[in-house]
Amino acid sequence: MSIEALGAASITSLFSNMDRVAEQCGEQFPLFRQDKAEQWTLSRRGSWLGGFWAGLWWRRALISGQAEHKEQALQWSQKLQVWMDEPSINRSFVFWYGSGLGSTLHGDQQALDSLNQAAQAVLQSFDASNGFWPLGSGMGGGEAGQHILNVDALAPTLLLLDAQGGPVARQLGQWHVDACLRYLQKRTGAWRDTVLLRGQEVLAEKGAETWQRGQAWAMLGMATAARLYDKKSYAQAALKACHYWHEHWGKYAQGLLKQAEPSAPLDRSAWAIASLAMHELWRVLPDQQWLQDQSRLHLDALLTPELSETGRFVGHLYKIAPGQSELVESACASFFLLEALLAHEVPS
């Protein structure tokens, strides 16, 4: 089977697998499925992953044109309203993918109302004294969350603000990006995933130079910033982050991702995010053709006959218990794999 056929079959199988997962869910969200298990671990509220489950249905509805798929997306989106007052920047994951796609892709009024409400809630949580959105105490951030800057939700936060519009949202978004550059970016192009701050002093950091998903989140966030704000410095920072990724992991994509038993579990979801990020940045910097080439190579390395047959992407390195992480299937990983597949299927 050609790579093109493998990709098309994978999209079809991802959608078919959603029906099987939905049968298990009832009224709860799918959280994760361990590789050898059939049953998903479910969550009544959806955690930070819930928006991706709704987002998958919004994407599927756009492609299929079927009213039942749009209704599924809207139902899951409405269930996420319980997170509206959660003190966490990770609400952006929930409401951009869970409501933002319904508004922007389908023009759905209920999704738009939810998106606007979420944008206002996020705007109100901006820490003006420090010039950024802290991680917050909700969604596991804890008491220290008010002093933590985290890169994970950078892209959906900027997209949420852009959809809301207005000069205040735009200015705060740029201030947040500037803070991320100041505290999270390293001279090498590597990104810290998280820093604990006291004033302007970094007390602790996490993820620099080793955490692949943190680097991928940074690449996607900065590619988004470069597209939305048209600042050369943002595009250059995004390009530098992509260069770091390529030099440390990307040029080994085929070898690393095709290993039957790698020495350590590779977070394949990070490679899907990185593929999408490089494609997004290439759209901003079309002269950097290597970004599009690498994006395609990353995606091809993730495609397998098993994925094309089952639609199960076991690629999210996830903490399933204290001190225990393993590769699982999740809506988040499947969503970014689908986004990367669709990005390369549709001519830019």
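What follows is a chat between a trainee and a mentor about helix packing, a cavity, a pocket and two loop residues in a predicted model.

Trainee: Let's start with the helices. What makes α2 roughly parallel to α4?

Mentor: The angle. α2 and α4 (residues 91-106) pack at about 15°, with their axes 7 Å apart. Angles under 35 degrees count as roughly parallel, so α2 and α4 get that label. Their crossing is left-handed.

Trainee: Which residues of α2 and α4 meet?

Mentor: On the α2 side you have Gly51, Phe52, Ala54, Gly55, Trp58, Arg59, Ala61 and Leu62. They meet Phe93, Val94, Tyr97, Gly98, Ser99, Leu101, Gly102, Leu105 and His106 of α4. By class, that contact has ten nonpolar, six polar and one charged residue.

Trainee: Which of those classes do the glycines fall in, and why?

Mentor: Polar, because Gly is counted with the polar residues in this scheme. Gly51 and Gly55 of α2 and Gly98 and Gly102 of α4 are in the contact, so these glycines go into the polar class.

Trainee: Now α6 and α7. Why is α6 called roughly antiparallel to α7?

Mentor: The axes of α6 (residues 154-164) and α7 cross at roughly 165° and come within 9 Å. An angle over 145 counts as roughly antiparallel, so the name fits α6 and α7. This crossing is left-handed too.

Trainee: What holds the list of contacts there?

Mentor: Leu154, Leu158, Leu161 and Gln164 in α6 meet Ala169, Gly173, His176, Val177 and Cys180 in α7. The residues of that contact divide into six nonpolar, three polar and no charged.

Trainee: And α7 with α8: what is the angle between them, and which word goes with it?

Mentor: α7 (residues 167-183) and α8 (residues 212-229) pack at about 140°, with their axes 11 Å apart. Roughly antiparallel needs an angle over 145 and roughly perpendicular runs from 65 to 115, so about 140° falls into the rest, which is called oblique. The crossing of α7 and α8 is left-handed.

Trainee: Which residues make that contact?

Mentor: From α7 they are Arg170, Gly173, Gln174, Val177 and Leu181, and from α8 they are Met222, Ala225, Leu228 and Tyr229. They split into six nonpolar, two polar and one charged. Gly173 and Val177 are in this contact, and both are also listed where α7 meets α6.

Trainee: On to the empty spaces. What makes one of them a cavity and another a pocket?

Mentor: Whether the space is closed or open. In a cavity a 1.4 Å probe fits but cannot get out, whereas a pocket is an open set of points. A search of the whole structure finds one cavity of 30 Å³ or more. The largest cavity holds about 110 Å³ of space. It has 14 lining residues, and the closest to its centre are Asn17, Met18, Trp53, Leu56 and Ser334.

Trainee: Which helices supply that lining?

Mentor: α1 (3-25), α2 (50-64) and α14 (331-345) each give at least two residues. The largest share, five residues, comes from α1. The cavity lining has nine nonpolar, four polar and one charged residue.

Trainee: How much space lies in the largest pocket, and which residues lie nearest its centre?

Mentor: About 850 Å³ of space lies in the largest pocket. It is lined by 24 residues, with Trp48, Asn90, Asp152, Lys206 and Arg213 nearest its centre. β3 (148-150), α8 and β6 (314-321) each supply at least two residues of the lining, and β6 gives the largest share, four residues. That lining counts nine nonpolar, ten polar and five charged residues.

Trainee: Last one. What is notable about phi in Ser47 and Met139?

Mentor: Ser47 has a phi near 55°, a positive value in a residue other than glycine. Met139, likewise not a glycine, has a positive phi near 50°. Ser47 lies in the loop between β2 (41-43) and α2, and Met139 is in the loop between α5 (109-124) and β3.

How values were computed. Residues numbered from 1 in each chain as written. Predicted model: local features only at pLDDT ≥ 70, side-chain atom pairs only at ≥ 80, totals over all residues. Heavy atoms only, no water. 1 Å grid on protein atoms, 1.4 Å probe; cavity = no way out; pocket = protein on both sides within 12 Å on 5 of 7 lines; lining within 4 Å. Points joined across faces, edges and corners; volume = space filled by probe spheres on them. Axes fitted to C-alpha atoms, helices over the stretch in contact; angles between N-to-C directions. Left-handed = near helix turned anticlockwise from the far one by under 90°. Contact = heavy atoms within 4.5 Å.
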